[in-house]
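Biologist: Could you walk me through this model, and tell me each time what earns a feature its label?

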Amino acid sequence: QVQLVESGGGLVQPGGSLRLSCAASGIFFNIYAMAWYRQAPEKQRELVATITSGGRTTYADSVKGRFTISRDNAKNTVFLQMNSLKPEDTAVYYCNAPGTGAWGQGTQVTVSS
C-alpha cells in the first residue's frame with residue numbers, strides 16, 4: 001500500500017520561506033515521478049510542480065522562480081522549497097505519486113502578516 005506523508009507546513013510572513021517534505025513508502029520510489037499540488041479554500045486543486053525519476057522538473061507559472069522541487073531517492077522523499085512566499089500561496093499542499101492514486105493527508109501553508 002502506497003503511503004505519502006507530508007510535513008513542513010506552517011504560518012509564515014509574506015516574503016518568507018518554507019520547505020515541505022513528503023516521505024513515500026510502499027512504492028519503488030526511484031522509478032516514479034512525483035508531484036506537489038495545492039488547494040486553496042473554495043478553489044480546485046492545482047498542480048504546483050513535478051519531478052521525473054530522472055530529476056526533470058516542471059512548475060506552474062505562478063510559482064516559477066520561487067519554488068524548487070527536488071528529491072532524495074535514498075530517503076524516498078520529495079521536497080518543495082518555497083521562497084518569496086505570497087498570501088496567494090496559502091493552501092493545503094499535497095504530495096502525489098502519479099499513476100498510483102495515492103495522496104498524502106496534506107500540510108497547511110499560511111502566508112500572512
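**Strands, a disulfide and a core**

Modeller: Gladly! Let me start with one pair: opposite F67 stands M82 of β8. Keep in mind that the model is predicted, so local features need pLDDT of at least 70 and side-chain atom pairs pLDDT 80 or more, while totals for chains, interfaces and linings use all residues. Residues are numbered from 1 along each chain as its sequence is written, and side-chain values use heavy atoms, leaving out hydrogens and water.

Biologist: What makes β7 and β8 a pair?

Modeller: Two strands pair if DSSP finds at least two bridges between them. Strand β7 (residues 67-72) and β8 have six, in the antiparallel sense, so they meet that definition. Another of their matches is R71 with V78. Strands themselves are DSSP runs of E with at least two residues, numbered from the N terminus.

Biologist: And what joins these two strands in their hairpin?

Modeller: Four residues lie between β7 and β8, and N76 takes a positive phi near 50 degrees in this hairpin.

Biologist: How many strands are in the open sheet, and in what order?

Modeller: Four, in the order β1-β3-β8-β7, with antiparallel pairing. Its edge strands are β1 (3-7) and β7, each of which pairs on one side only. From one strand to the next the twist averages 15 degrees; here axes are lines fitted to C-alpha atoms (for helices, over the stretch in contact), and angles between N-to-C directions run from 0 to 180 degrees. Inside the sheet, β3 and β8 run antiparallel and are joined by six bridges. C22 stands opposite V78 there.

Biologist: What makes the link of C22 to C95 a disulfide?

Modeller: The label asks for two cysteine sulfur atoms within 2.5 Å. From C22 to C95, S to S is 2.1 Å, so the pair passes the cut-off. The structure holds one disulfide. C22 belongs to strand β3 (residues 18-25) and C95 to strand β9, so the pair ties together parts 73 residues apart in sequence.

Biologist: Why is this link of C22 and C95 given a handedness, and which one?

Modeller: The angle about the S-S bond is -80 degrees, and the link is left-handed.

Biologist: Are its two cysteines buried or exposed?

Modeller: Buried means under 20% relative accessible area, exposed over 50%, and partly exposed in between (1.4 Å probe, protein chains only). C22 has 0% relative accessibility, so it counts as buried. C95 also counts as buried, because its value is 0%.

Biologist: Why is β9 described as largely enclosed?

Modeller: Six of the seven residues of β9 (residues 91-97) are buried, so the rest of the structure largely encloses this strand. Strand β8 (residues 77-82) is mostly covered, with five of its six residues buried.

Biologist: Which strands pair with β9?

Modeller: Strand β4 (residues 34-39) pairs with β9 over five antiparallel bridges, with Q39 opposite V92. Strand β11 (residues 107-111) pairs with β9 over three antiparallel bridges, and there Y93 stands opposite T107. Strand β10 (residues 102-103) shares two antiparallel bridges with β9, so this pair also reaches the required at least two. Within that pair, N96 has W103 as its bridge partner. β9 and β10 form a hairpin with four residues between them, and G99 in the turn has a positive phi of about 95 degrees.

Biologist: What makes a group of residues a nonpolar core?

Modeller: Its members are buried Ala, Val, Leu, Ile, Met, Phe, Trp, Tyr and Cys residues, joined through side-chain atoms within 4.5 Å. The largest one here has 28 residues, and W36, V78, L80, M82 and Y93 have the most contacts inside it. At least two of its residues come from each of β3, β4, β5 (46-51), β7, β8, β9 and β11.

Biologist: Why does R38 count as buried?

Modeller: R38, in strand β4, has 5% relative accessibility, so it counts as buried.

Biologist: Which side chains make polar contacts with R38?

Modeller: A polar contact is a pair of N or O atoms within 3.5 Å; within protein, one must be able to donate a hydrogen and the other to accept it, and residues adjacent in sequence count only if both atoms are side-chain atoms. The side chains of R38 and E46 make such a contact at 2.6 Å, and those of R38 and S62 at 3.4 Å. Leaving aside residues up to four places away in sequence, R38 also touches others (heavy atoms within 4.5 Å), including F67, D89 and Y93.
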